[in-house]
Amino acid sequence: MASTHNIWPTNPYTVVTVYGNKNPKNPWANVNGSRDIANELRQCHFVGLSISWPTNAPGVIGSGGHAITGWGDRSWLPWKGYNDALTDNAGVVRLVDSDQDTGGDVQQYSYDDFTDPNPGGANEGNGWYIDYDPNHPYIKHIVTLSPTQNVGGGEMSQRVVGSYKLYQTKSAAATDLHYRVGTDVDILSYLTRINWGTENTPSIQENQPHRTRLTVDWDLSDKPVPQNSSITITTEFILRNWNAINYSDVHFTYPDGSIQTVFPDISWDFRSPVVAGAAQIANVTGGYVVASFDVIDSRQSANNRLIGSYRLIHQYSFTQSPEKHTFHIQGENGFKISHLRFGHSYSYLNRESLWAFQQWMTDLGSASYSLDGSPTTVNIDWTGRLPYPEGEDIKGRIPDIKKGETRTTPSIYEKDVK
């Protein structure tokens, strides 16, 4: 999401992304987490770490919460350089902390092994624990602040993801995958990839003069796609306050030059109403709507055959309603979508977690919707089902103690931030 709280007039850092989960307070389940934090910092992105403490209390996952600011690691600090990306996880994290000034403004803590958290003490499962205290806290989520290009007029930027799973049904193995992916506004930034083990890089052409569409071609000849396999295209756009993606001209090519053109063109957009006075609402935040559907070939010769599946992410900002959204979808004649479902997440889902997501709040069941060139509209109303998440605070990190006393165990509790 974009944040209007970044009031520095020339500040290019506008895209806020959350990885992991605030509630429940589970450890961040990313086996490459310390590497990813280190590499975000190497890209001059700001990174905030949210930590909680493990507990042996029955039925309790995590105690307390605290926010600290990532600054570097053992081999890199902003003023030293060494900007080559890490390929392995970092062993330490350097950070600044509003509640402690141990060893100077920038402090260094060591990570426990991902699979050996808080050795000898309580833990909430695998994750990134640091020796910040004798009872090692763990990272439950991180927040990154990243720049976008030419975000004019104070418009907020949003993240949009379309992930299209294709089923390769021909007896010959496919050696090429081609698609066009675009939207109807300028693309500020993009990432498009596939979950296939080719070593080849794609050919990507951007349309000009406005970058609203990419033409992408993957040479898969080093690892052809055999019959009855699936391959998933995942594209992420950063856009100005707009969520829409379209895929077209999606096809496999085969060694004999033939083309499988069964995949339909699909376009969709999401719209969320603005909430008046949103900035004054306690605990206001943005979030993500997740959707899923199957793609069916309903032409007479195809006998309603499943040919693809689709998942998407719509990001809404803190100024928009988390509970009311409108979804539009349209596509080629002769096809339909079915098993349309919608869910919600306060944290950004990567490709793997997007396809593992199952927390559906609206499930339209086996109903199907024809793609006949005109838009199908679905209104989502989650009134009363998505209150803004409670903020968290921590007390006692700098306790009131008598001169000469030392406290080794933090005093922690949470309260609402109003």
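Glu236 and Arg159 are both buried, and the two residues form a salt bridge in this predicted model. Their closest N and O atoms are 3.2 Å apart. The pair ties together distant parts of the chain, with Glu236 in strand E12 (residues 229-240) and Arg159 in strand E7 (residues 157-168), 77 residues apart. Across the whole structure, a search finds eight salt bridges, and two others are described below alongside a helix and a set of paired strands.

**Helix H1 and its salt bridge**

- Helix H1 spans residues 33-42 and is mostly covered, with eight of its ten residues buried.
- The buried residues of H1 are Gly33, Ser34, Ile37, Ala38, Asn39, Glu40, Leu41 and Arg42.
- Arg35 and Asp36 form a salt bridge, and 3.2 Å separates their closest N and O atoms.
- Asp36 counts as partly exposed because its relative accessibility is 26%, and burial would require a value under 20%.
- Arg35 is likewise classed as partly exposed, because its relative accessibility comes to 22%.
- Just after H1, you will find Cys44 with a positive phi of about 65°.

**Strand E15 and its partners**

- Strand E15 (residues 266-271) runs antiparallel to strand E13 (residues 243-253), and five bridges join the two.
- On the E13 side, Tyr247 stands opposite Ile266 of E15.
- E15 also pairs with strand E18 (residues 324-331), again in an antiparallel arrangement, through six bridges.
- Here Ile266 stands opposite Gly331 in E18.
- Ile266 therefore has a facing residue in each partner strand: Tyr247 and Gly331, with E13 joined to E15 by five bridges and E18 by six.
- As a general point, side chains in a regular strand alternate between the two faces of the sheet.

**A salt bridge within the range of E15**

- Asp269 and Arg271 form a salt bridge, with the closest N and O atoms 3.1 Å apart.
- Both positions fall in the residue range of E15, 266-271.
- Arg271 is partly exposed, because its relative accessible area is 44%.
- Asp269 counts as buried, because its relative accessibility is 12%, which is under the 20% cut-off.
- This bridge thus brings together a partly exposed Arg271 and a buried Asp269, whereas Glu236 and Arg159 are both buried.

Terms used: Residues numbered from 1 in each chain as written. Predicted model: local features only at pLDDT ≥ 70, side-chain atom pairs only at ≥ 80, totals over all residues. Heavy atoms only, no water. Salt bridge = Lys/Arg side-chain N within 4 Å of Asp/Glu carboxyl O. Buried < 20%, exposed > 50% of the residue type's maximum accessible area, 1.4 Å probe, protein only. Helix = DSSP H or I, 4+ residues; strand = E, 2+ residues; numbered from the N terminus. Pairing = 2+ DSSP bridges.
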